[in-house]
Amino acid sequence: MAAEDLVERRSIDVVPDDERHGTAFSQFTLWLGANLQITAVVTGALAVVFGGDVVWSVVGLLLGNLLGGAVMALHSAQGPKLGLPQMIQSRAQFGVRGAVVPLLLVILMYVGFFASGSVLAGQATARLTHTDDTTGIIAFALITAVAAAVGYRVIHVLGRVASVVCALAFVYLGIRLLDRVDLSELLGHAHFDLPMFLLAVSLSASWQLAFGPYVADYSRYLPRTTSGRATFWWTLSGSAVGSQWSMTFGVLVAASSGKAFLADQVGYVVGLGGTGLIASFLYFSIALGKLTINVLNTYGGFMSMVTGISGFRGQKTLSQRGRAAYIALIMVAGTAVALLGKDSFLTSFKDFLLFLLTFFTPWSAINLVDYYLISRERYDVPALFDPRGRYGAWRWDALLVYGVGVLAQLPFLVTHFYTGPLAAPLGGADISWIVGLAVPAALYWLLARRDTSHIPEETRYTLASGPAH
């Protein structure tokens, strides 16, 4: 393949049929590789660190991964049908300019996940190259930016490589861990505690739901004839298997290591494996797993920024120089946050995950109800770029429902800096994400079904009149 064919030319514009390629299985390898990584291990460990036992933490994480993963996989199934980035499609619900409201929070998410990933990957890179953490973070950020600039093809290559390399690393680490711990003792102290169980569910559900705003970005190059069902199941299975594998490992590590894991997450995990070449391989695996997901975060952040700005400027394409500038901006912001927060990572990560969940569950609910129940997969793609078209500049009904969906969660939210008044009667359990899905889904369905005049009879991909092709 020529170098010019490797570098992606598309940004927020529709992917034409002659550039579509691949199969739905590519979603499995991408999302498996993206989830077999150290931050997912830390997320699973948090369920134990904050008071859960091994058995019910694993069960709660599994439930959250399946529920949240199903939501994100429904977004993934939209990619082959429309050939568009995820957040461009949400203009049909919020308006060409109104979509900027959730987009601002999506960009914040990408910067935050870039930063948290860079902290752990920077530690691995530093140990692999015998430098300090700051140098490791900066070096890792630069590699991430280059990979994101190349684009879609290299992202899927990374996913395939990471799915194999990181799976081998986790198999080896799992064997080493089971040699060290008394598994029957860990499993023998099961005691169901509803708040801790729901915390585990919320941690993994938020992990999965946070992929929603960009998951279709990585399925949009699939041929339009690709089965939506196949895309859904391969995405869900890759993401759920990868995350549950990593999080279960994190639960066992946290339950057996005491404070040693909390003091140095990367160092402790690699220490399980040994020294010398084995340690180097494990550091490389950690850095590779984080590179895969951080490239997704950088790419998604760049796409979201272009989507937000283009709603006001009217642009549909982007030059390579403009692409590089957006990616550099995401990299610089994420790296700055990583360097500032590298010494207090674990204490703030749980709150960051649950705080993000508050803003993304209403968006997911509105987007999915519109796509599958209201519009029934029929969109006027050219109108998504025209604020004077059928979707308008601002769709105030959807924006109102989104606001109500965010506010409805606050009484149930449990974070370090804020706890809602209805959390105490539930024993401190956080069910805000359930409210954030159910309330806006019901409200949007009731409001949107009253007027469907903006929905075309068939999906239109061009400005030309006549049936869709």
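This is a short tour of two helix pairs, some salt bridges and two unusual loop residues. Keep in mind as you click around that the model is predicted.

**Stop 1: α19 and α20**

Start by selecting residues 396-409, which make up helix α19, and residues 432-448, which make up helix α20. Their axes sit 8 Å apart and the packing angle is about 155°. Angles over 145 count as roughly antiparallel, and α19 and α20 are therefore roughly antiparallel to each other. Their crossing is right-handed.

Now show the side chains where the two helices touch. On the α19 side, pick Asp397, Ala398, Val401, Val404, Gly405, Ala408 and Gln409. Facing them from α20 are Ser432, Trp433, Val435, Gly436, Val439, Pro440, Leu443, Tyr444 and Leu447. Colour this contact by class and you get 11 nonpolar residues, 4 polar ones and 1 charged.

**Stop 2: α2 and α16**

Next, select residues 25-35 for helix α2 and residues 277-313 for helix α16. How far apart are their axes, and at what angle do these helices pack? The axes are 7 Å apart, and the angle is about 115°. That makes α2 roughly perpendicular to α16. The crossing of α2 and α16 is left-handed.

To see the contact itself, show Leu30, Trp31, Gly33 and Ala34 from α2, then Gly289, Thr292, Ile293 and Leu296 from α16. This patch holds 5 nonpolar and 3 polar residues, with no charged residues.

**Stop 3: salt bridges**

Time for some charged pairs. Side chains of opposite charge can pair when their charged atoms come close. How many salt bridges turn up in a search of the whole structure? The count is 6.

Go to arginine 224 and aspartate 17, whose side chains form a salt bridge at 3.0 Å, N to O. Arginine 224 is in the loop between α12 (194-209) and α13 (228-257), while aspartate 17 is in the loop between α1 (3-6) and α2, so this pair ties together parts that are 207 residues apart in sequence. Turn on the surface to check both ends: arginine 224 is partly exposed, at 21% relative accessible area, and aspartate 17 is also partly exposed, at 43%.

Then hop over to aspartate 133 and arginine 127, another salt bridge, with the closest N and O atoms 3.5 Å apart. Aspartate 133 is partly exposed at 29% relative accessibility, and arginine 127 is partly exposed too, at 28%.

Now select aspartate 380 and arginine 390, which meet in a salt bridge at 2.9 Å, N to O. Both lie in the loop between α18 (345-374) and α19, so the pair ties together parts 10 residues apart in sequence. Is aspartate 380 buried or exposed? It is buried, with a relative accessible area of 5%, whereas arginine 390 is partly exposed at 35%. Add Arg460 to your selection as well: Asp380, Arg390 and Arg460 are linked in a network of salt bridges.

**Stop 4: two loop residues with positive phi**

Stay in the loop between α18 and α19 and pick arginine 376. Its phi is positive, about 50°, although the residue is not a glycine. Arginine 376 is exposed, with a relative accessible area of 54%.

Finish with glutamate 377, in the loop between α18 and α19. Here phi is positive at about 70°, and this residue is not a glycine either. With 31% relative accessibility, glutamate 377 counts as partly exposed.

Key. Residues are numbered from 1 along each chain as its sequence is written. This is a predicted model: local features need pLDDT of at least 70, side-chain atom pairs count only at pLDDT 80 or more; totals for chains, interfaces and linings use all residues. Side-chain values use heavy atoms; hydrogens and water are left out. Axes are lines fitted to C-alpha atoms, for helices over the stretch in contact, and angles run from 0 to 180 degrees between N-to-C directions. Helices (H or I, at least four residues) and strands (E, at least two) are DSSP runs, numbered from the N terminus. Angles under 35 degrees count as roughly parallel, over 145 as roughly antiparallel, 65 to 115 as roughly perpendicular and the rest as oblique. A crossing is left-handed if the near helix is turned anticlockwise from the far one by less than a right angle, and right-handed if clockwise. Contact means heavy atoms within 4.5 Å. Ala, Val, Leu, Ile, Met, Phe, Trp, Tyr, Cys and Pro count as nonpolar, Asp, Glu, Lys and Arg as charged, and the others, Gly among them, as polar. A salt bridge is a side-chain nitrogen of Lys or Arg within 4 Å of a carboxyl oxygen of Asp or Glu. Buried means under 20% relative accessible area, exposed over 50%, partly exposed in between (1.4 Å probe, protein chains only).
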